[in-house]
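User: I am new to this structure and would like to learn how to read its features one at a time. Could you take me through it, giving the general idea before each case?

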Amino acid sequence: MTNYIFNPDLWDRYGGRFLSGFVVTIELVAITFIIGFFLSMIVAVAWTSKNKWVNLPARAYMFLFRGSPLLAQLYLFYYGLGSFTTFWQSAGLWWLFSSAWNCCLIIFSLNTAAYQAEIFRGSLQSVPVGQLEACKALGLSRWTSFTRIWFPQAMILALRPFANEFILMIKASAVASLITIYDVMGVTKLVYSRTYDFQVYLWAAVLYLIIVEVVRQIVGFAERRITRHLRRI
Amino acid sequence: MAEYLALLSFSDGGWGKVLVAGAFVTISLALCCLPFGLCLGLLSALLIRSKIAVLRIGATIIAGIFRGLPELLTLFIVYNGLQLVLQYCAQLLGYSGSIGINAFFAGVLGLGLVFAAFSSEVWLSAFNTIAIGQYEAADALGLTRLKTFFAIILPQTFRNALPGLSNNWLTLLKDTSLVSTISLVDIMRQTSLAASATRHPMFFYSIAVILYLLFSAITGFILKKIEHRYAIAVKRVAL
């Protein structure tokens, strides 16, 4: 019976692949989340801008990436834009579109940036306006009041939604397996297609649940840490 | 331009009819998941709030699992796993043929479970906003527990849950694109077929993205209207 859940022979043969898939998933999510984070700040600031030519593109970008499935975006980029081979070759950008890994990095970054910008915008707006007025009254420069007053307070509110977005990214990264990336999901499908042994799906499930749970615990810890000035004794 | 329009035409050689069929599959899948997921989500929220420890812990763990698993993996597990389980049961009953399950059914089940797991969280936080006085007042009026729940608590909860649920719906709509991987011919699969047959991937994938954007925008608009309508009781009146 235990062989249906965990077959040691199967693990001996494919365990290494699973671990490398695990590393790929983590790498993919970590890189794209960080790129997305910086990109999202630009988008969020553009969104709040009063200039129509600045905020309209930001809005359009967020609508586009939040309104359509990641899978469709990935296919559009990898198969769609990637089909103009000669054009990219002459432009010297073919290395970008020929590799599934690069396409994943770009699309995942753009996708998560749109979601993170929404979080950023919401949390920046929910900092009480009195805080900013106080900055003005103290004669702080715009840069100082942003980095010292506005941003840190917004981050407290944004932490939990950011963590949720990170978890969503981990889950969404499974889609990368559909364009030949061997992340956890990709390895699982490969092993299943070779062995037809259903337990590999359960392994993958456990692996994903572990990643998600670890992230959740870390965030819980971080949240307690940055809100310690708000706690009652 | 005319060449592209011809690709979309509804006559022979055009892909219009096929794309509409794909869109129909996507929409009907999402609409089938909706009642299933909503009811299951409500049920699991009630179980999580129940005083019986076994039910509470069980529901919490199951909801946690379906929130933590990638939707793609959930779909594969439901599609392949259900087939294996049914096969095993059939063998016990003495039937030895092979059993295949309907991909549409597997899609509804898988995405419905994910939708239920996420909506249970929304339901829970909506329940928490109901003041205890509502329960006490219902008790004072001598209403039965069932009546209290359906006539007093649920309508108010629904109003609070609506914004969260409409977010869940938009996520569900986008997640339906994943069913193309379990051999269900939805928009995504249909555009892939069209793209490889005509060698215009850019064009067809753009159409797919536009269709999804259209669905999101339309249903988002409708949901905003419904939210507005439901919030009428708590809206402030401009004097």
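**Reading the model step by step**

Analyst: Let us begin with a single residue and its surroundings: once its neighbours within four places in sequence are left aside, A:F65 is in contact with A:Q73, A:L110, A:N111 and A:A114. Please keep in mind throughout that this is a predicted model.

User: Where does A:F65 lie in chain A, and is A:F65 buried or exposed?

Analyst: A:F65 belongs to helix 3 of chain A, which covers residues 52–67. A:F65 counts as buried because it has 20 C-beta neighbours inside 10 Å, and 20 is the number at which a residue begins to count as buried. Sequence and space can also be set side by side here, for A:F65 and A:T112 are 47 residues apart in sequence while their C-alpha atoms are 8.5 Å apart.

User: What does the same kind of reading give for A:V219, and which residues is A:V219 in contact with?

Analyst: A:V219 sits in helix 11 of chain A, and it is partly exposed, because 17 other C-beta atoms lie within 10 Å. Apart from its neighbours within four places in sequence, A:V219 is in contact with A:L159 and A:A163. As for a distant part of the chain, A:V219 and A:S20 are 199 residues apart in sequence, and their C-alpha atoms are 25 Å apart in space.

User: How should I read two helices that lie against each other, for example helix 8 and helix 9 of chain A?

Analyst: The general idea is that two packed helices are described by the angle between their axes and the distance between the axes. In this case, the axes of helix 8 and helix 9 of chain A come within 11 Å and cross at roughly 165°. Helix 8 of chain A is therefore roughly antiparallel to helix 9 of chain A, the threshold for that description being an angle over 145 degrees. The crossing of these two helices of chain A is right-handed.

User: Which residues meet there, and how do they divide by class?

Analyst: From helix 8 of chain A come A:Q131, A:L132 and A:C135, and they meet A:S145, A:I149, A:W150 and A:Q153 of helix 9 of chain A. By class, the contact of these two helices has 4 nonpolar, 3 polar and no charged residues. Helix 8 of chain A, residues 129–138, is nevertheless hardly covered, since the count of buried residues among its 10 residues is 0. Just after helix 8 of chain A comes A:G139, with a positive phi near 75°.

User: Which residues other than glycine have a positive phi, as A:T180 does?

Analyst: Among them are A:T180, with phi near 65°, and A:Y196, with phi near 50°. A:T180 is placed in the loop between helix 9 (142–172) and helix 10 (184–195) of chain A, and it is exposed, because 11 other C-beta atoms lie within 10 Å. A:Y196 is found in the loop between helix 10 and helix 11 (199–226) of chain A, and it too is exposed, because its count within 10 Å is 10 other C-beta atoms.

User: Turning to chain B, how many helices and strands does chain B have, and what radius of gyration?

Analyst: The secondary structure of chain B comes to 9 helices and 0 strands. A compact globule of 239 residues would have a radius of gyration near 18 Å, whereas chain B has 22 Å, and the C-alpha atoms of chain B fill a box of roughly 70 × 65 × 25 Å along the principal axes. Of the 239 residues of chain B, 33% count as buried.

User: How do helix 7 and helix 9 of chain B cross?

Analyst: The axes of helix 7 (residues 145–175) and helix 9 of chain B come within 10 Å and cross at roughly 170°, and helix 7 of chain B is therefore roughly antiparallel to helix 9 of chain B. The contact of these two helices has 10 nonpolar, 4 polar and 3 charged residues.

User: Finally, how many residues does each chain bring to the contact between chain A and chain B?

Analyst: Chain B brings 28 residues and chain A brings 25 residues. On the side of chain B that touches chain A, the largest share, 10 residues, comes from helix 9 of chain B. The residues of that side of chain B divide into 19 nonpolar, 7 polar and 2 charged.

Notes: Residues numbered from 1 in each chain as written. Chains lettered and ligands numbered in written order. Predicted model: local features only at pLDDT ≥ 70, side-chain atom pairs only at ≥ 80, totals over all residues. Helix = DSSP H or I, 4+ residues; strand = E, 2+ residues; numbered from the N terminus. Buried ≥ 20, exposed ≤ 12 C-beta atoms within 10 Å, placed from the backbone. Contact = placed C-beta atoms within 7 Å. Axes fitted to C-alpha atoms, helices over the stretch in contact; angles between N-to-C directions. Parallel < 35°, antiparallel > 145°, perpendicular 65-115°, else oblique. Left-handed = near helix turned anticlockwise from the far one by under 90°. Nonpolar A, V, L, I, M, F, W, Y, C, P; charged D, E, K, R; others polar. Rg over C-alpha atoms; globule rule 2.2 N^0.38 Å.
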